[in-house]
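The exercises below are meant for a reader who meets this structure here for the first time. Each consists of a task and a solution worked in steps.

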Amino acid sequence: MALRPPVRRGMKELDRSAFTLVLPVVGLRVPVKSIGQVKSSFPEDVLKLPRMRNVVDDSPTHKLVLLNPQIGLDLEKASERLKALVREHDWQPQMHDIQVGYEAWTADDILKAILPSSSQAPTSYEQIGHIAHMNLREEFWEYKKIIGQVILDKSPTVTMVVNKLDTIDSTFRNFKMEVLAGQPQFVAQVRENDCVFRFDYSKVYWNSRLHPEHERLVKKFTEGQSVCDVMAGVGPFAMPAAKRGTLVWANDLNPSSYEALCDNIQLNKVKDRVRPFNMDGREFIRKAFMDYHELYKQSGPQQLPPLKPSQKPIPVASPSFDHVVMNLPAIALEFLDAFRGLFACMGGGSTELNLPTIHVHCFTKSEEPEKDILVRACRALGLAEDKHEELDAQVFYVRKVAPNKDMYCLSLKLPQSVAYSKV
């Protein structure tokens, strides 16, 4: 028998006492010394409810072992082994009322008892540190406060519940939100890929569902390489990459993201491996590549200091960046135009400078996603669209963001003809 709380359809202000259920169950009057035997030998017969005791006091020598609500006084639905033991010891079954309170029910149980339809309850959320971020559909808006309070009550590590109000801003990648429950505290701290990230969630972009993608891409960077992170956010690629032994120049246009990026560099103790910037993406690409190469010409290969005394310095040998990350899926493909003629402007010969691998995150709604992404990349690079099959590239599926909208990562080697083109 599946227990459900009392139905309180249409409740807007949470009354926790309204969800108390008095449940009559059968209790076996068992000597104290036999309690352990019954609980361990007959788990399918014994009452199992969250945060509910299944043994209650009866007398100094006996206790009541509460049974599954499906089992009646006749013990007909009990296991044959338990019935045999009861007959052998002449244990007497008796009725006992228990109170199943609000604390015993799940968020799903409570919300299905409140909302107009019991078929679906909005209990899913993304957790960012102590913050539960919900994206409620319009049909639930009139119940949003009680939904937030129930989620807060039923999530031990959550102290604030917020709801997304609009789409993500493509410039600074943040969005408006409202507090549904809890004390407003937007500064969150999360751990990912052996790194710590601290940021004001109301001012920057963070998506915990991208953890696998952060990890996948960072594993492509090897010790002694250099990374140009153009839309770095608060550093989900930059920090773990630096800890893997790579040199990172990380940039973000959003001042709040830049502030958090600088803070996270200190928190993760990688200040000698990550250099932060607060610039427009296109401007940063050109400036970073030219400054990096000029530094190489003046000082030769850079040396990354060890993170631990037992480690040795790591030489960064490449005269130009080995990898570029552009994680702004809504518009990142358009920024590929910044690489047109870039190496020609730097003055390096075609054999002197290494061509980077560029990792571009993007969205597509196409039924031919790989072709769509490659054609758009060609367009931004200034190549003929029919050249898309000639690109040295891979298209990796990241995740579904909407019913007809998917996120991908395009990884391509910068074509020499683009890098040295005359613009």
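**Exercise 1. The chain as a whole**

What percentage of the contacts in the chain with a separation of 6 or more comes from residues 24 or more positions apart? Describe also the extent and the covering of the chain.

*Solution.*

Step 1. The model is a predicted one. Residues 24 or more positions apart account for 67% of the contacts with a separation of 6 or more.

Step 2. The secondary structure consists of 11 helices and 19 strands. The radius of gyration is 30 Å, whereas the globule rule gives 22 Å for 423 residues; the chain is therefore more spread out than a compact globule.

Step 3. Along the principal axes, the C-alpha atoms fill a box of roughly 95 × 55 × 40 Å.

Step 4. Of the 423 residues, 49% are buried. The chain exposes about 20700 Å², and carbon and sulfur atoms supply 49% of this area.

**Exercise 2. The sheet that contains E1**

Determine the strand order of the open sheet that contains E1, and state which strands stand at its edges.

*Solution.*

Step 1. The order of the four strands is E2-E3-E1-E4, and their pairing is antiparallel.

Step 2. E2 and strand E4 (92-100) each have a single partner strand, so they stand at the edges and one side of each is left without a neighbour in the sheet.

Step 3. On average, neighbouring strands of this sheet are turned by 40° against each other, direction ignored.

Step 4. The antiparallel pairing of E1 and E4 extends over nine bridges. One residue pair can be located in it: Arg29 has Gln92 in E4 as its bridge partner.

**Exercise 3. The sheet that contains E7, and the helix across it**

Describe the open sheet that contains E7, and find which strands helix H4 lies across.

*Solution.*

Step 1. Four strands follow one another in the order E5-E6-E7-E8, with mixed pairing.

Step 2. The edges are held by strand E5 (126-128) and strand E8 (177-182); each has a single partner strand, so one side of each lacks a neighbour in the sheet. From one strand to the next, the twist averages 30°.

Step 3. Strand E7 (residues 160-164) runs antiparallel to E8, and five bridges join the two. Within this pair, Lys164 stands opposite Met177 in E8.

Step 4. H4 lies across strand E6 (131-134), E7 and E8, and runs at about 55° to E8.

**Exercise 4. The neighbours of E17**

Is strand E17 mostly covered or mostly open, and to which strands is it joined?

*Solution.*

Step 1. E17 comprises residues 357-364, and seven of its eight residues are buried, so that the strand is mostly covered, buried meaning under 20% relative accessible area.

Step 2. Strand E16 (residues 323-326) runs parallel to E17 and is joined to it by four bridges. In this pairing Val324 stands opposite Ile358.

Step 3. Strand E19 (residues 405-413) is antiparallel to E17, and eight bridges join them. Here Thr364 stands opposite Asp406.

**Exercise 5. Salt bridges**

How many salt bridges are counted, and which parts of the chain do the pairs of Arg16 and Glu44 tie together?

*Solution.*

Step 1. Side chains of opposite charge can pair when their charged atoms come close. With a cut-off of 4 Å between nitrogen and oxygen, the count comes to 22 salt bridges.

Step 2. Arg16 forms one of them with Asp153, the closest N and O atoms being 3.1 Å apart. Arg16 lies in the segment before strand E1 (21-31) and Asp153 in helix H4 (residues 144-154), so this pair ties together parts that are 137 residues apart in sequence. Arg16 is partly exposed, at 38% relative accessible area, and Asp153 is also partly exposed, at 31%.

Step 3. Another salt bridge joins Glu44 to Arg81, with 3.9 Å between the closest N and O atoms. Because Glu44 lies in the loop between helix H1 (35-41) and strand E2 (55-57), and Arg81 in helix H2 (residues 80-89), the pair ties together parts 37 residues apart in sequence. Glu44 is partly exposed, with a relative accessible area of 42%.

Step 4. Lys271 and Asp272 also form a salt bridge, their closest N and O atoms being 3.8 Å apart. Asp272 counts as partly exposed, at 47% relative accessibility.

Notes: Residues are numbered from 1 along each chain as its sequence is written. This is a predicted model: local features need pLDDT of at least 70, side-chain atom pairs count only at pLDDT 80 or more; totals for chains, interfaces and linings use all residues. Side-chain values use heavy atoms; hydrogens and water are left out. Buried means under 20% relative accessible area, exposed over 50%, partly exposed in between (1.4 Å probe, protein chains only). Two strands pair if DSSP finds at least two bridges between them. A salt bridge is a side-chain nitrogen of Lys or Arg within 4 Å of a carboxyl oxygen of Asp or Glu. The radius of gyration is taken over C-alpha atoms; the globule rule is 2.2 Å times the number of residues to the power 0.38. Contact means heavy atoms within 4.5 Å. Accessible areas come from the Shrake-Rupley method with a 1.4 Å probe; for residues, only the protein chains shown count as cover. Axes are lines fitted to C-alpha atoms, for helices over the stretch in contact, and angles run from 0 to 180 degrees between N-to-C directions.
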